[in-house]
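Student: Got a minute to go through a structure with me? I'd like to talk about side-chain pairs and the ligand site.

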Amino acid sequence: MAETLTVNLQERSYPIFFGGGIQQAVRAEIDRLARAGRKVAVLTDAHVADRQRAALAAMFGDAPRCTVDAGEKAKSVAGLGEVLEFLASHGLDRGGALFAVGGGVVGDLGGFAAAAYLRGVDFYQVPTTLLAMVDSSVGGKTGINLAAGKNLAGAFHQPRGVFIDTSLLATLPPREFAAGMAEVIKYGLLGEAALFAELEAAPLTVTSAGLAGVIRRCCALKARIVEADERELAKDGGRALLNLGHTFGHAIEQAAGYGTYLHGEAVAVGLCAAARLSQKLGLIPAGDVARIDAVVKAHALPARLRTPLALPTLLAAMARDKKVRAGLPRFVVLQRLGEAATRQDGITPVLVEACFREVGAVDSL
Ligand SMILES: NC(=O)c1ccc[n+]([C@@H]2O[C@H](COP(=O)([O-])OP(=O)(O)OC[C@H]3O[C@@H](n4cnc5c(N)ncnc54)[C@H](O)[C@@H]3O)[C@@H](O)[C@H]2O)c1
């Protein structure tokens, strides 16, 4: 029997299932839906369809399946249209349910399609990347990218259930696993010092016995944060804390050109920059900055830019961040290892530039 953790959001509450027996848990849910006369459809991408053929067949049999191209380009207006037309062509009605089986791209796209189709049908997440298991499958943020930027259209739409089976990670490319580790390190830094210390003592790999337990702890941290601030409305702290490393990371991703860094790789450099910001604000000692750099590197992630980026480009990208309010981004800083806070005052462009410089940015190229 799979273990569960509940995300408590009143009528939008849902279970996250972990561990062995996940495929049976998915089948049981599909049987339950079928008994109630409800149709089920599946969304996945080409890599997952290819590499996880047997698991998909075991879970979903011959349920209608939409397979989008792998990668970020599926999370687009065109990709959304494809999924909506697929749902309509299979006659899903208001009782229908969509299972999104894949990484964050499939989860975000499927969730948004489910939010929009017939003004909202149920959806379930079956994450197949580490990033999706610890982050994107939980919390109900769904959406697509626009030409003007990432995640610019979307909806809050919580899944009805999340099914996490680490055996699906066996076929994930190592670089993608490492990218997911950036988010795991982030959770340790923002909410669980013991987790950070464990990663420091022994880097986590796809074959680590403790992997499933670590994923569960990350989900528990995310669930508690989302429960307290589902729509990221808290004036201080709240869901915004999950953006630790992301204000710097998004700027790096954009300035380098999307695709140069995987999201998690840019977040890894971003965590190292955020550590420096925290140190410069007098919150953490230099020794902690070095510890963070070391843990990032030990997980096959970059602590510095691979090739220099120009400061003006990075700062311009940062100013376009969709979380910017009144011209200045709100940063997430570390109060200590294991505790984060949001902060805006006292953070000047000069300070931010100094942090970027220390992770490899230059005045001009
Ligand atoms: N909704 C949220 O809260 C949230 C949070 C973080 C990130 N995101 C979004 O998530 C997306 C990134 O997600 P991602 O890193 O999972 O990327 P992804 O979905 O593109 O997956 C990465 C690559 O791995 C492949 N893949 C997935 N599972 C596999 C498996 N088991 N075996 C072999 N290959 C597999 C995919 O086809 C793809 O090529 C971004 O669009 C980001 O904006 C959303």
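Student: Let's start with Arg224 and Glu227: what do their side chains form?

Tutor: A salt bridge, at 3.0 Å from N to O. The term stands for a side-chain nitrogen of Lys or Arg within 4 Å of a carboxyl oxygen of Asp or Glu. Keep in mind that this is a predicted model, where local features need pLDDT of at least 70 and side-chain atom pairs count only at pLDDT 80 or more, while totals for chains, interfaces and linings use all residues. Residues are numbered from 1 along each chain as its sequence is written, and side-chain values use heavy atoms, with hydrogens and water left out.

Student: OK, and where do Arg224 and Glu227 lie?

Tutor: Both are in helix H9 (residues 211–228), three residues apart, which is about one turn of the helix. Helices here are DSSP runs of H or I with at least four residues, strands are runs of E with at least two, and both are numbered from the N terminus.

Student: Is Arg224 buried or exposed?

Tutor: In between: Arg224 is partly exposed at 39% relative accessible area, and Glu227 is also partly exposed, at 24%. Buried means under 20%, exposed over 50%, and partly exposed in between, with a 1.4 Å probe and protein chains only.

Student: Which residue does Glu265 pair with?

Tutor: Arg306, with the closest N and O atoms 3.1 Å apart. That pair links distant parts of the chain, 41 residues apart: Glu265 sits in helix H11 (residues 263–280), and Arg306 in the loop between helix H12 (286–298) and helix H13 (311–319). Glu265 is buried at 4%, whereas Arg306 is partly exposed at 46%.

Student: What about Asp293 and Arg276, how far apart are their N and O?

Tutor: 2.7 Å, in another salt bridge. Asp293 belongs to helix H12 and Arg276 to helix H11, with their positions 17 residues apart in the chain. Asp293 is buried at 11%, and Arg276 is buried at 10%.

Student: How many salt bridges are there in the whole structure?

Tutor: A search finds 30. Some join up: Glu72, Lys75, Asp108, Lys150 and Glu253 are linked in a network.

Student: Switching to the ligand, how many residues surround it?

Tutor: 24, and the closest are Asp45, Gly104, Thr128, Thr129 and Thr171. The cut-off is a heavy atom within 4 Å. By class, that shell has seven nonpolar, eight polar and nine charged residues. Nonpolar covers Ala, Val, Leu, Ile, Met, Phe, Trp, Tyr, Cys and Pro, charged covers Asp, Glu, Lys and Arg, and the others, Gly among them, count as polar.

Student: Which atom of the ligand does the Lys75 side chain approach?

Tutor: An oxygen, 2.8 Å from an N or O atom of the Lys75 side chain. A ligand oxygen is also 2.8 Å from a polar backbone atom of Gly104. Asp108 has a polar side-chain atom 2.9 Å from a ligand nitrogen. The protein buries 90% of the 870 Å² that the ligand exposes when taken alone; accessible areas come from the Shrake-Rupley method with a 1.4 Å probe, and for residues only the protein chains shown count as cover.

Student: Last one: what does the side chain of His157 reach?

Tutor: The backbone oxygen of Val121, at 2.8 Å. His157 is buried at 17% relative accessibility.

Terms used. Polar contact = N/O pair within 3.5 Å; in protein donor to acceptor, adjacent residues only side chain to side chain.
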